[in-house]
Amino acid sequence: METLNLNTIQAVNLALHDAMKADDTLLVIGEDVGDREEGGVVGATRGLSTAYGTERVRSTPISEQAIIGSAIGAAICGHKVVAEIMLMNFTTVAMDMIVNHAAKLRFMSGGQTHVPIVIRMMTGAGFSNGGQHSDYLEAWFAHTAGIKVVAPSSPNEAYGLLRAAIEDPDPVIFIENLPTYFTPAAVTPEVIPLGKAKVVREGGDVTLVSYAAMMGPVNAAAEELAAGGVSCEVIDLRTIAPWDRETVVASAAKTGRLLVVHEAVRAFGVGAEIAAEVNEELFGKLKAPVRRLGGAYCPVPYSKPLENAFPPSHEQIVATVRAMV
């Protein structure tokens with residue numbers, strides 16, 4: 001398989017092109033997704049309506065409820081649908097559709113009605129977009145049975161996970177990190193199964209688990225710690241719901257220490273769920289309590305100095321690991 005050098009926008013665009021080429025039932029809908037509007041605010045859907053027509057690639061009014069409602073309707077009538085909600089915070093406008101309909105129709109129909117939709121969205125601190133445009137809300141959706149939640153950390157993961165999400169028969173929340181959209185990396189255009197984490201780096205002293213943009217500072221911290229003699233095993237969770245419990249627990253059992261890092265606020269977050277599960281499984285076998293690092297318990301600040309201080313930094317990760325060992 002040829003390796004390509006793409007940024008995340010290009011990887012998402014290629015995944016959509018390849019998926020639409022492979023399945024003529026696939027639709028793409030959302031605000032400004034057509035080529036007349038340059039393929040969305042960052043160009044992730046550029047070229048799709050020219051290649052596949054405006055019947056399959058539909059620009060919608062500014063109405064998140066209409067986008068998700070029509071996606072659900074099309075899905076239960078035999079289509080696969082990728083629906084773009086421009087920013088993750090805007091899912092709040094369509095939460096009834098997502099949580100009470102998309103997530104529950106399969107269960108409430110006794111397995112007869114699937115809702116194969118992927119809801120793409122971008123988010124993340126770093127662009128001074130303010131508190132109503134920058135939140136990671138993955139824990140909300142992971143708490144809802146019937147929804148899968150995916151958060152790629154690189155262009156390669158964006159391509160492979162999006163292809164898998166489109167093939168999945170159930171609704172998938174697909175979270176793209178805005179500040180890392182434009183950084184190119186090697187992409188092998190292959191499907192990456194949902195629910196399977198990736199061991200990015202092997203180590204023996206402590207396990208670091210993260211996902212999405214936080215993989216950057218986590219990897220930087222692992223490098224710095226290695227120079228000081230601390231061996232970190234680094235895991236990219238990739239899929240948040242269902243999370244790869246087997247891989248994480250096996251790694252924590254090996255190293256005896258676990259630190260979970262995410263940009264979403266620390267309180268009531270994904271790290272808390274993983275910490276609880278690992279403690280239940282490995283109680284008495286760990287060398288230190290499971291630790292968590294997350295964003296401050298406040299809206300994402302607008303001003304740059306405060307915004308930069310909102311998510312965990314690699315210096316905080318290094319200090320926390322040194323305290324653990």
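## Exercises on two helices and a buried glutamate

Helix 3 is followed by Gly78, whose phi is positive, near 110°. The structure is a predicted model.

**Exercise 1.** Determine which residues of helix 3 are buried and where they lie around the helix axis.

*Solution.* Begin with the extent: helix 3 covers residues 64-76, 13 residues in total, and spans 18 Å from first to last C-alpha, close to the expected 18 Å. Next, list the buried positions, which are Glu64, Ile67, Ile68, Ala71, Ile72, Ala74 and Ala75. Viewed down the axis of helix 3, these buried residues fall within an arc of 165°, so they line one face of the helix. Finally, identify the packing partners of the buried residues: strand 2 (26-31), strand 3 (57-60), strand 4 (80-87), strand 5 (117-123), helix 4 (95-102) and helix 5 (105-108).

**Exercise 2.** Work out what the buried residues of helix 9 pack against, and what follows the helix.

*Solution.* In helix 9 (residues 245-255), the buried residues include Thr247, Val248, Val249, Ser251, Ala252 and Thr255. The buried residues of this helix pack against strand 9 (198-201), strand 10 (206-210), strand 11 (232-236), strand 13 (258-265) and helix 10 (270-282). After helix 9 comes Gly256, with a positive phi near 80°.

**Exercise 3.** Describe the charge environment and contacts of Glu31.

*Solution.* Locate Glu31 in strand 2. Glu31 is buried but has no salt bridge. Its nearest side chain of opposite charge is Arg120, 12 Å away, whereas a salt bridge requires the nitrogen and carboxyl oxygen to be within 4 Å. Leaving out residues up to four places away in sequence, Glu31 touches Thr60, Pro61, Ile62, Ser63, Glu64, Ile67, Glu84 and Met86. Among these contacts, Glu64 and Ile67 are also buried residues of helix 3.

Conventions. Residues numbered from 1 in each chain as written. Predicted model: local features only at pLDDT ≥ 70, side-chain atom pairs only at ≥ 80, totals over all residues. Heavy atoms only, no water. Helix = DSSP H or I, 4+ residues; strand = E, 2+ residues; numbered from the N terminus. Expected span 1.5 Å × (residues − 1). Buried < 20%, exposed > 50% of the residue type's maximum accessible area, 1.4 Å probe, protein only. Arc of directions from axis to C-beta. Contact = heavy atoms within 4.5 Å. Lys, Arg positive; Asp, Glu negative; His and termini not counted.
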